[in-house]
Structures are given as structure tokens and as C-alpha cells.
Amino acid sequence: MLTRKQLELLMFINERLKESGVPPSFDEMKDALDLASKSGIHRLITALEERGFIRRLPNRARALEVIRLPDNMAPSGGRRGFSPSVIEGSLGKPQPAPMPKAPARFADNTDGGVVPIPVMGKIAAGVPISAIEHQTRTLSLPPDMLGSGEHYALEVEGDSMIEAGIFDGDTAIIKKGESANAGDIIVALVDDEEATLKRFRRKGASIALEAANPAYETRIFGPDRVRVQGRLIGLIRRY
């Protein structure tokens with residue numbers, strides 16, 4: 001799932017490459033998306049790169065390569081007709097139980113579960129707000145895997161947290177909350193536009209969102225640009 005601006009930029013780059021074989025400049029991208037500054041283009045490109053839609057080619061100025069288009073878009077697709085379907089839902093509220101001291105990994109077995117947890121879409125850099133506001137399906141989990149409060153689940157997409165043991169295709173169990181301690185792995189909402197699963201750090205008055213993969217750089221933001229949406233407490237992995 002991409003934001004409207006991310007999809008527009010991806011298709012603009014793809015169409016320009018097909019037409020001329022040369023990617024557009026940052027100024028051209030900024031004008032095409034009607035953005036006020038190039039910093040917004042940098043954020044969109046980083047989000048598309050982390051999610052595996054584009055790749056920056058090393059040692060070449062403005063060199064971009066489109067790796068793939070969204071799965072639900074026809075090969076000849078464009079901006080028209082792209083309308084992700086979502087189902088409204090509410091967050092699960094389990095009964096109080098002891099909190100695990102570290103993220104728990106457990107089997108995706110819902111037969112004996114008693115706590116319904118909504119799965120709210122996919123999480124990676126650049127995921128839109130709707131990914132954590134709309135339910136796509138429900139998991140049933142044993143209450144001793146959770147604690148008090150509200151919980152939801154997100155499907156992990158991408159490899160930016162692999163050194164923390166979080167792989168593409170995992171399901172992250174998140175305790176909803178608006179605060180975090182240094183070192184916590186959180187769902188962070190950046191500029192009220194994109195959500196990402198990263199490790200939370202502070203750099204003076206700024207907030208650092210740290211990947212667990214040396215291929216990705218740490219992103220640093222002013223404190224007013226980042227809102228904590230919850231903290232990772234568990235993972236589900238299918239084998």
C-alpha cells in the first residue's frame with residue numbers, strides 16, 4: 001500500500017524512464033507532484049527505496065531504477081484505477097495479563113486463541129496512515145502473550161529491521177501507545193503521512209528512527225514531526 005504521492009512519484013519516474021531512458025530531475029519531480037520543496041521528494045524516494053519499488057544506482061547522479069510496481073496494478077497501469085480496498089475495524093482490548101520482558105515469537109495458531117487482534121495492513125517506511133487505521137483481518141491470540149491495553153498487528157514488508165530478527169512477511173504485534181523509551185522498536189508516524197517500524201532513539205532534541213540493517217541510514221527528525229503509534233511486543237512468523 002502506497003500513499004497517493006508515493007504512487008504518483010513512482011509512476012512519474014517509471015513513465016519518464018520508459019519514454020526517454022533517463023529519470024527525471026528532483027526539480028521535475030517536485031513540479032510534477034506540486035510540492036513546495038525538494039525535501040518532500042527525498043522522503044518519498046527514501047520510502048519507495050526502502051519498500052523495494054526503486055533503487056538508487058551508485059556513483060551516478062540522479063540515477064534511479066524502477067524495480068517493481070504495486071502488486072495490484074496491471075503492467076500497463078498508471079495513476080487511474082488505483083484504489084486500495086479496506087475494511088473498517090476497531091482495536092482489540094484484551095484482559096490484563098503479565099507483560100513479556102522481550103518481544104515474544106509464537107506460532108500463528110488461532111484455534112485456541114481468545115483475544116481478537118485486528119491486523120491493520122502492512123508496515124514499512126512510507127506506509128500511509130490508513131495502514132494503521134483500517135482492519136484487513138483478525139488474529140486470535142492467547143491473552144498471556146499480551147498485556148493490558150489495546151493491541152493491533154501489522155504485516156512487515158521489507159528488510160530494514162532484519163538484524164533485530166524482524167523479517168519480510170512477519171506479523172508484528174503492537175501495543176498501542178504514544179510514548180517510548182530509547183531502544184524500543186516502535187511504529188512511528190512521520191509528518192502525519194508515513195508510518196514505519198524502527199528503533200526509537202533521541203539525538204538531543206531530535207528523534208532518530210534507526211534501522212536494523214546497515215544498508216539503511218538512520219533518519220533524524222524534529223520532535224514535532226514524529227508521533228509514536230505503539231511499541232513492538234511480539235512477532236508471528238510462518239514457516
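Helix α1 is followed by G21, whose phi is positive, near 80°. That glycine makes a handy way into this model, which is a predicted one. Stepping back for a moment, the protein has three helices and 13 strands. Of its 239 residues, 47% count as buried. Among the contacts with a separation of 6 or more, 64% are between residues 24 or more positions apart.

Back to the helix that comes before G21. Helix α1 has 17 residues, which at 1.5 Å a residue should span 24 Å; the end C-alpha atoms are 24 Å apart, so expectation and model agree. A good run of α1 is tucked away from the surface: K5, Q6, L7, E8, L9, L10, M11, F12, I13 and N14 are its buried residues. The cover over these residues comes from several elements, including α2 (26-32), α3, β1 (54-56), β2 and β10.

One of those covering elements, α3, deserves a closer look. Two packed helices are described by the angle between their axes and the distance between the axes. For α1 (residues 4-20) and α3 (residues 38-50), the axes come within 10 Å and cross at roughly 85°. An angle from 65 to 115 degrees counts as roughly perpendicular, and α1 and α3 are therefore roughly perpendicular to each other. On the α1 side, the contact is made by K5, Q6, L9 and L10, while α3 brings in I41, L44, I45, A47 and L48. Sorted by character, the residues of this contact come to seven nonpolar, one polar and one charged. An α-helix has 3.6 residues a turn, so residues three or four places apart point the same way.

Helix α3 also holds S39. How accessible is S39, buried or partly exposed? S39 counts as partly exposed, because its relative accessibility is 38%. Its C-alpha atom is separated by 9.4 Å from that of F26, 13 residues away along the chain.

Another point of interest around α1 is P70, found in the loop between β2 (64-66) and β3 (104-106). P70 is buried, with a relative accessible area of 8%. From P70 to L7 there are 63 residues in sequence, yet their C-alpha atoms are 8.6 Å apart in space. L7 itself is one of the buried residues of α1.

Now for the strands, starting with β8 (residues 171-176), where T171 is found. On one hand, β8 is joined to strand β7 (residues 151-156) by five bridges, and the two run antiparallel. On the other, six bridges join β8 to strand β13 (residues 226-236), again in the antiparallel sense. I174 of β8 appears in both pairings: Y152 stands opposite I174, and I174 stands opposite L232 in β13.

What about T171, buried or exposed? T171 is buried, with a relative accessible area of 7%; the cut-off for buried is under 20%. Which residues does T171 touch, once its neighbours within four places in sequence are left aside? The list runs to R137, L139, A153, L154, E155, G234, L235 and I236.

A further set of strands is built around β11. Strand β10 (residues 194-203) pairs with β11 (residues 206-210) in the antiparallel sense, over five bridges. In this pairing, R202 stands opposite I207 in β11. The hairpin of β10 and β11 has two residues between the strands, and G204 there takes a positive phi near 65°. β11 is also joined by three bridges to strand β12 (residues 219-221), with the two running antiparallel. Here L209 has R219 of β12 as its bridge partner.

A208 sits in β11 too. How buried is A208? Its relative accessible area is 0%, so A208 counts as buried. Leaving aside neighbours within four places in sequence, A208 is in contact with R199, F200, R201, K203, T218, R219 and I220. R219, on that contact list, is the residue already met as the bridge partner of L209. A208 and V226 are 18 residues apart along the chain, and 9.4 Å separates their C-alpha atoms.

Notes: Residues numbered from 1 in each chain as written. Predicted model: local features only at pLDDT ≥ 70, side-chain atom pairs only at ≥ 80, totals over all residues. Heavy atoms only, no water. Axes fitted to C-alpha atoms, helices over the stretch in contact; angles between N-to-C directions. Helix = DSSP H or I, 4+ residues; strand = E, 2+ residues; numbered from the N terminus. Parallel < 35°, antiparallel > 145°, perpendicular 65-115°, else oblique. Contact = heavy atoms within 4.5 Å. Nonpolar A, V, L, I, M, F, W, Y, C, P; charged D, E, K, R; others polar. Buried < 20%, exposed > 50% of the residue type's maximum accessible area, 1.4 Å probe, protein only. Pairing = 2+ DSSP bridges. Expected span 1.5 Å × (residues − 1).
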